[in-house]
Amino acid sequence: MTHTPQVADRLTADQAAAARRLADDARAADGTAALDEQTLLRLDPGSARSATHVLLPDDDGSGLAGYAQLAEGSAELVVAPSARRDGRGRALLGAVKEADPAAAVWAHGDLPAARALAASASLTRTRELLRMGTALAAATRPEPPAGVRIETFDPAAHAEAWVRLNAAAFASHPEQGSMTLADLRERENQTWFDPSLLLLAFDDGADAPVGFIWMKPGETASEAELYVLGIDPSAQGRGLGRLLTGVGLAEVAERGRTEIDLYVEGDNAPALATYRRAGFDVVERHAQYS
Ligand SMILES: CC(C)(COP(=O)(O)OP(=O)(O)OC[C@H]1O[C@@H](n2cnc3c(N)ncnc32)[C@H](O)[C@@H]1OP(=O)(O)O)[C@@H](O)C(=O)NCCC(=O)NCCS
């Protein structure tokens, strides 16, 4: 059957609600969310962030059988569980590629249907993002070696040094490495932000930190997220990543959290080694196809 998607720069409130319902249904059926947090925020008719929305109405016109969103060169698409195997995924992908032939498409959960669609459209896997997780046991907090001290982030004293450290640690990861002081301040204003979950490592006698670990409380009272870990390139390979991960895990365990997860690029060998050593295993794979 031929499906003709509608393309819009902005959704109505009804369309946004229908897209959220569709995302919820797909999440329940697939066990993984097809649309990530940023994509859901851009559904909001009042969102300041621009996006191209691709809509496939359902048969009675009251909801959506398919939805895709393209923003900043990357796209996500979702077909209602009851409307699959009927060409809608291909139609959404076609509309996305028409809007931006270079668009990369995320397949969250890397499900077989997404793999098959990507193969049939001759797309290749260009990036893999892994979610890793581990249970937290009451752990002893590792002691820093002589010459290293750990301090809690102080927004007034450490913000500018943190921005420089983050840019250096993530020089080859543009999304994270380009965070500015304004981006940091924006995060400090989020309800989840807790400065005592952002820990900095210093070499004794130095004012600038050489590493940091930043954690978030999770969605439930038992969960936490390891949000970012970064070590200055001049201090990598000294065991500081391992130390901060151990300290961070002990910190959230002491607060009663029993599970922690994180996202990491599939080709980031030093980070994968650090997290596996700390007990993390891969729990979900997200693939990007181009
Ligand atoms: C990932 C990172 C935090 C590791 O910190 P580090 O202090 O350099 O690592 P450590 O010295 O504590 O070593 C931890 C583990 O990583 C391994 N490792 C370190 N550098 C490595 C490299 N270049 N290649 C492969 N493995 C490496 C170590 O062998 C060790 O594993 P082991 O315990 O099995 O021996 C650091 O490389 C970094 O800041 N990278 C850039 C930012 C980043 O990618 N952060 C994580 C993204 S979420």
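This is a conversation about a predicted model and the reasoning behind some of the labels used for it.

Visitor: Let's start with the ligand. Which residues come nearest to it?

Guide: Ile231, Gly239, Arg242, Asn268 and Arg277 come nearest, out of 20 residues around the ligand.

Visitor: What makes the pair formed by a nitrogen atom of the ligand and Leu229 a polar contact?

Guide: The ligand nitrogen is 2.7 Å from a polar backbone atom of Leu229. A polar contact needs a pair of N or O atoms within 3.5 Å, so this pair qualifies.

Visitor: And how do you know that Gly239 and Thr274 make polar contacts with the ligand?

Guide: The reasoning is alike for both. A polar backbone atom of Gly239 is 2.7 Å from an oxygen atom of the ligand, and a polar side-chain atom of Thr274 lies 3.4 Å from a ligand oxygen. Each distance is within 3.5 Å, so each pair counts as a polar contact.

Visitor: How much of the ligand does the protein cover?

Guide: On its own, the ligand has 920 Å² of accessible area, and the protein covers 74% of that.

Visitor: Which elements give two or more residues to the shell around the ligand?

Guide: They are strand S10 (223-231), helix H8 (240-254) and helix H9 (269-277). With six residues, H9 gives the most. By class, the shell holds nine nonpolar, eight polar and three charged residues.

Visitor: Staying with H9 for a moment, why is Ala273 called partly exposed?

Guide: Ala273, which has its place in helix H9, has a relative accessibility of 48%. Buried means under 20% and exposed means over 50%, so Ala273 falls in between and is partly exposed. From Ala273 to Leu136, the C-alpha distance is 18 Å, with their positions 137 residues apart in sequence.

Visitor: What about Leu249 in helix H8: why is Leu249 called buried?

Guide: The relative accessible area of Leu249 is 11%. That is under 20%, so Leu249 is buried. Leu249 and Trp162 are 87 residues apart in sequence, and their C-alpha atoms are 21 Å apart in space.

Visitor: Now the backbone. What makes the phi of Arg85 worth pointing out?

Guide: Arg85 has a positive phi of about 60° although it is not a glycine. Most residues other than glycine have a negative phi. Arg85 sits in the loop between strand S4 (74-79) and helix H3 (88-99). With a relative accessible area of 86%, over the 50% cut-off, Arg85 is therefore exposed.

Visitor: Where does Ser122 lie, and why is Ser122 called exposed?

Guide: Ser122 is in the loop between helix H4 (112-120) and strand S6 (125-135). Its relative accessibility is 64%, which is over 50%, so Ser122 counts as exposed. Ser122 also has a positive phi of about 60° without being a glycine.

Visitor: Gly205 is in a loop too. Why is Gly205 called exposed?

Guide: Gly205 lies between strand S8 (198-203) and strand S9 (211-217). At 81% relative accessibility, Gly205 is over the 50% cut-off and so counts as exposed. The C-alpha atoms of Gly205 and Gly218 are separated by 35 Å, with the two residues 13 apart along the chain.

Visitor: Let's turn to strand S12. Why are His286 and Tyr289 called buried?

Guide: His286 lies in S12, residues 281-289, and Tyr289 is found in strand S12 as well. His286 has 5% relative accessibility and Tyr289 has a relative accessible area of 6%. Both values are under 20%, so both residues are buried. A polar side-chain atom of His286 lies 3.4 Å from the backbone nitrogen of Gly109. The C-alpha atoms of Tyr289 and Thr126 are separated by 5.5 Å, although the residues are 163 apart along the chain.

Visitor: Finally, what lines the second largest pocket?

Guide: Its lining has 29 residues, and Leu77, Gly89, Ala113, Ala114 and Leu117 lie nearest the centre. The pocket has a volume of about 760 Å³. S4, H3, strand S5 (104-107) and H4 each supply at least two lining residues, and H4 gives the most, with seven. The lining divides into 18 nonpolar, five polar and six charged residues.

Definitions and conventions:
Residues are numbered from 1 along each chain as its sequence is written. This is a predicted model: local features need pLDDT of at least 70, side-chain atom pairs count only at pLDDT 80 or more; totals for chains, interfaces and linings use all residues. Side-chain values use heavy atoms; hydrogens and water are left out. A residue is near a molecule or strand if one of its heavy atoms lies within 4 Å of it. A polar contact is a pair of N or O atoms within 3.5 Å; within protein, one must be able to donate a hydrogen and the other to accept it, and residues adjacent in sequence count only if both atoms are side-chain atoms. Accessible areas come from the Shrake-Rupley method with a 1.4 Å probe; for residues, only the protein chains shown count as cover. Helices (H or I, at least four residues) and strands (E, at least two) are DSSP runs, numbered from the N terminus. Ala, Val, Leu, Ile, Met, Phe, Trp, Tyr, Cys and Pro count as nonpolar, Asp, Glu, Lys and Arg as charged, and the others, Gly among them, as polar. Buried means under 20% relative accessible area, exposed over 50%, partly exposed in between (1.4 Å probe, protein chains only). On a 1 Å grid over the protein atoms alone, a cavity is a set of points where a 1.4 Å probe fits but cannot get out, and a pocket is an open set with protein on both sides within 12 Å along at least five of seven lines; lining residues have an atom within 4 Å of a point. Grid points are joined across faces, edges and corners, and a volume is the space filled by probe spheres set on the points.
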